[in-house]
Amino acid sequence: MIRSKLIQFISSSPFISPTSFSTINKTFLSSTSNGAIYSIRMSSSGSGTKPKVFVSRPDIPKAAMKLLEDKFQLTIWTEPRPVPRDFLLQNVGGSDALYCLITDKIDKELLDAAGPNLKVIGTMSVGHDHIDMPEVKKRGIQVGFTPNVLTNATAETTLAVLLAASRRMFEAREELLNGGWAKSAWGPEYLCGQELTDSTVGIYGMGRIGQAVMKRLKAFDVAKFLYSGRSAKPELKDEANFVDFDTLCKESDFVIVTCALTPETKEIFNERAFSLMKPNCVFVNTSRGGTVDQEALIKALKTNQIFSAGLDVMTPEPLPLDHELTKIRNCVVVPHIGSATYKARTDMAVTTAKNIIAALEGTPMPAKLC
Ligand SMILES: O=C(O)C(=O)CO
């Protein structure tokens, strides 16, 4: 309310033209081509010689901001939501580095807007499908990312959605709240689900996160682990069998997707893949929504072709409130919280800051993508 009043006041202020900045305690206001006024914070006067870093979110863990503030002139988007595209395009120009998130699309248009000074992009993520990598490489821009530090948190989330989907936790809560439990009481088949004990678990994409998921699932007395993806990993020969994609779909009681989104994995879980799966199959996705043909998944869930799904990722994100996925009984959906622990997010932010510092100071990045 106060903010919208402030914006109204600023909009009608004769001192602020559509392209000008106005100082309010180091917070600057800028309007976009459609007339909306947003604010950014600048960490120093702007006339210094420090390299310029655009930070696309204000709620970056403090430990990382401190590292950046000490060395650079920062321009920081001030609202805890993704920076509007047109605003980013208008304000990123002249930056030496860009601190971005998976919600920021880094494409040719954005790189053009940033201009020739841009030397490094630090993405606070392990996934990088939001970055046009060929274009970035062509321009000689370095990219840093955050592998390893979010592996455990994401593996934990994978288990959480797997168990919620296999043991029908969302349905159970609904029953508790809507009186269903009061009606049926304890019943032999009431809210029964699928058990991991003696099951076959298939992991698609046995990278760092896939392996961390397998390690945790071993405690559940799984009978067999299968995995599929680009290539077999000899070091896993005693723990899991490398199989082709169809075998993974056909033989697994749980199919878990932990691969990166690439042109090869785009919508690889399609109608045909779901038709191969067992009716008791629990499908879990904590990678990217784009690996799934969502209409095909919805059909497979509605027709009980598979038992249930646990999804941390989907298309689009955020999911509209009335989206079909939110209404399907046997689908557990959570809002992309894979790496959402304080520890992981702090480590991701610090790694991103260190990547940017290293690139701008000409030393090796802790986690370099290119
Ligand atoms: O790091 C990533 O790629 C994420 O999806 C954040 O959880």
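Where in the chain is the place of P318? P318 sits in the loop between β14 and β15, and this briefing returns to that loop below, after an outline of the whole protein. The model described here is a predicted one. The protein has 13 helices and 15 strands, and buried residues make up 49% of its 370 residues. Among the contacts with a separation of 6 or more, 61% are between residues that are 24 or more positions apart in the chain.

**Annotated regions**

- The UniProt record, an unreviewed entry, gives residues 59–366 the annotation "domain: D-isomer specific 2-hydroxyacid dehydrogenase catalytic". Over residues 59–366 the chain is 37% helix and 14% strand, and the C-alpha atoms at the two ends are 22 Å apart.
- The unreviewed UniProt entry also lists residues 159–338 as "domain: D-isomer specific 2-hydroxyacid dehydrogenase NAD-binding". Over residues 159–338 the chain is 31% helix and 15% strand, with the end C-alpha atoms 10 Å apart.

**Helix α2 against helix α13**

- Helix α2, which covers residues 62–71, and helix α13, which covers residues 342–361, have axes that come within 7 Å and cross at roughly 20 degrees. Because angles under 35 degrees count as roughly parallel, α2 is described as roughly parallel to α13.
- The crossing in which α2 passes α13 is left-handed. On the α2 side the contact is made by A63, A64, L67, L68 and K71, while on the α13 side it is made by A349, V350, A353, K354, I356, I357 and E361.
- S339 lies in the loop between β15 (331–333) and α13, and S339 is buried, with a relative accessible area of 10%. Once its neighbours within four places in sequence are left aside, S339 is in contact with L150, A153, T154, A344, R345 and M348.

**Helix α6 against helix α9**

- Helix α6 (residues 151–166) and helix α9 (residues 208–217) pack at an angle of about 55 degrees, and their axes are 9 Å apart. With that angle, α6 is oblique to α9, and the crossing of the two helices is right-handed.
- The residues of α6 that make the contact are T151, N152, T154, A155, E156, T158, L159 and L162, and those of α9 are R208, I209, A212, V213, R216 and L217.

**Aromatic rings**

- A pair of aromatic rings is described by the distance of the centres and the angle of the planes. A search of the whole structure finds seven aromatic pairs.
- One of these is formed by Y204 and F245, whose rings are 5.5 Å apart from centre to centre, with 80 degrees between the planes, and the pair is edge-to-face. The pair links distant parts of the chain, since Y204 belongs to strand β9 (residues 200–204) and F245 belongs to helix α10 (residues 245–251), 41 residues apart.
- Both partners are buried by the cut-off of under 20% relative accessible area, because the value is 8% for Y204 and 14% for F245.
- Y204 and F245 also belong to one aromatic cluster, which they form together with F269, F274 and F283.

**Backbone features to look for**

- Most residues other than glycine have a negative phi, and most peptide bonds are trans. The bullets that follow describe exceptions to this pattern.
- The peptide bond from T315 to P316 is cis, with omega near -5 degrees, and P316 has its place in the loop between β14 (308–311) and β15.
- A cis peptide bond also joins E317 and P318, where omega is about -10 degrees, and P318, the residue of the opening question, is in the loop between β14 and β15.
- A185 is a residue other than glycine with a positive phi, near 50 degrees. A185 lies in the loop between α8 (180–184) and β9, and it is partly exposed, with a relative accessible area of 37%.
- E267, which is likewise not a glycine, has a positive phi near 50 degrees. The place of E267 is in the loop between β12 (254–257) and α11 (271–276), and at 37% relative accessibility E267 counts as partly exposed.

How values were computed:
Residues are numbered from 1 along each chain as its sequence is written. This is a predicted model: local features need pLDDT of at least 70, side-chain atom pairs count only at pLDDT 80 or more; totals for chains, interfaces and linings use all residues. Side-chain values use heavy atoms; hydrogens and water are left out. UniProt positions are given in the numbering used here, feature names are shortened, and annotations may be inferred rather than shown by experiment. Helices (H or I, at least four residues) and strands (E, at least two) are DSSP runs, numbered from the N terminus. Rings of Phe, Tyr and Trp (its six-membered ring) pair if their centres lie within 6.5 Å; planes under 30 degrees apart count as stacked, over 60 as edge-to-face and the rest as tilted. Buried means under 20% relative accessible area, exposed over 50%, partly exposed in between (1.4 Å probe, protein chains only). Axes are lines fitted to C-alpha atoms, for helices over the stretch in contact, and angles run from 0 to 180 degrees between N-to-C directions. Angles under 35 degrees count as roughly parallel, over 145 as roughly antiparallel, 65 to 115 as roughly perpendicular and the rest as oblique. A crossing is left-handed if the near helix is turned anticlockwise from the far one by less than a right angle, and right-handed if clockwise. Contact means heavy atoms within 4.5 Å.
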